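Got your viewer ready? Load the model and follow along, one selection at a time.

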Amino acid sequence: MNWFKFYGQDWLTDPKLFGLTAEDKLCFISLLCLASASENPGEVKNITEDSLKIITRLEFNTTCDHNDELGCEWCHANGVLDRLQEKEMIRYDSNTKRVTVVNYLKRQTSNLSNAERQALFRERLKKKP
């Protein structure tokens, strides 16, 4: 899996994250990780809410009554893709099961070091016919 830039200050102060449950935040971090490993950075293909919750390793309690307020981690994350989309953190197409993390590439290419800029330039040269 590729590394990606993660802005700790934004994580702590971004108003979009306020009001999200811990489970929603964990799912978002999982989406960032998946987006970094994608052949199209920032996009996650073939993902559903349930598969995201599995990848995030949220607990599914078999004794849970599946009440969202009192339920297990799995229940608390019900609707996570909708909530992240409402906060304009992702775009989700349920038909293609594709998630696009909003501004992923912009954040990954801002404030590049000289070495990072050179690596991107070399990568673009390799892709030219």
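**Stop one: the largest pocket**

Start by selecting α6 (104-109) and α7 (114-127): each of these helices supplies at least two residues of the lining of the largest pocket. Keep in mind that you're looking at a predicted model. Of the two, give α7 a colour of its own, since six lining residues, the largest share, come from α7.

Now find the middle. Show P41, L105, Q108, T109 and L120, which lie nearest the centre of this pocket, out of 20 lining residues. The space in here comes to about 690 Å³. Colour the lining by class and you'll get eight nonpolar, six polar and six charged residues.

**Stop two: the second largest pocket**

Next up is the second largest pocket, with about 390 Å³ of space. To centre your view, pick D14, F28, L32, V102 and R107, the closest to its centre among the 18 residues that line it. Which helices should you switch on here? α1 (8-13), α2 (22-37) and α6 each supply at least two lining residues, and α6 gives the most, with three. Colour by class again: this lining has ten nonpolar, two polar and six charged residues.

**Stop three: the cysteines**

Last, select C27 and look for a disulfide. How many are there in the whole structure? A search finds zero. For C27, the closest cysteine sulfur is in C33, and at 12 Å that is too far for a bond. Turn on a surface and C27 counts as buried, because its relative accessibility is 0%. Then try C75, which also counts as buried, at 2% relative accessibility.

How values were computed: Residues are numbered from 1 along each chain as its sequence is written. This is a predicted model: local features need pLDDT of at least 70, side-chain atom pairs count only at pLDDT 80 or more; totals for chains, interfaces and linings use all residues. Side-chain values use heavy atoms; hydrogens and water are left out. A disulfide is a pair of cysteine sulfur atoms within 2.5 Å. Buried means under 20% relative accessible area, exposed over 50%, partly exposed in between (1.4 Å probe, protein chains only). On a 1 Å grid over the protein atoms alone, a cavity is a set of points where a 1.4 Å probe fits but cannot get out, and a pocket is an open set with protein on both sides within 12 Å along at least five of seven lines; lining residues have an atom within 4 Å of a point. Grid points are joined across faces, edges and corners, and a volume is the space filled by probe spheres set on the points. Helices (H or I, at least four residues) and strands (E, at least two) are DSSP runs, numbered from the N terminus. Ala, Val, Leu, Ile, Met, Phe, Trp, Tyr, Cys and Pro count as nonpolar, Asp, Glu, Lys and Arg as charged, and the others, Gly among them, as polar.
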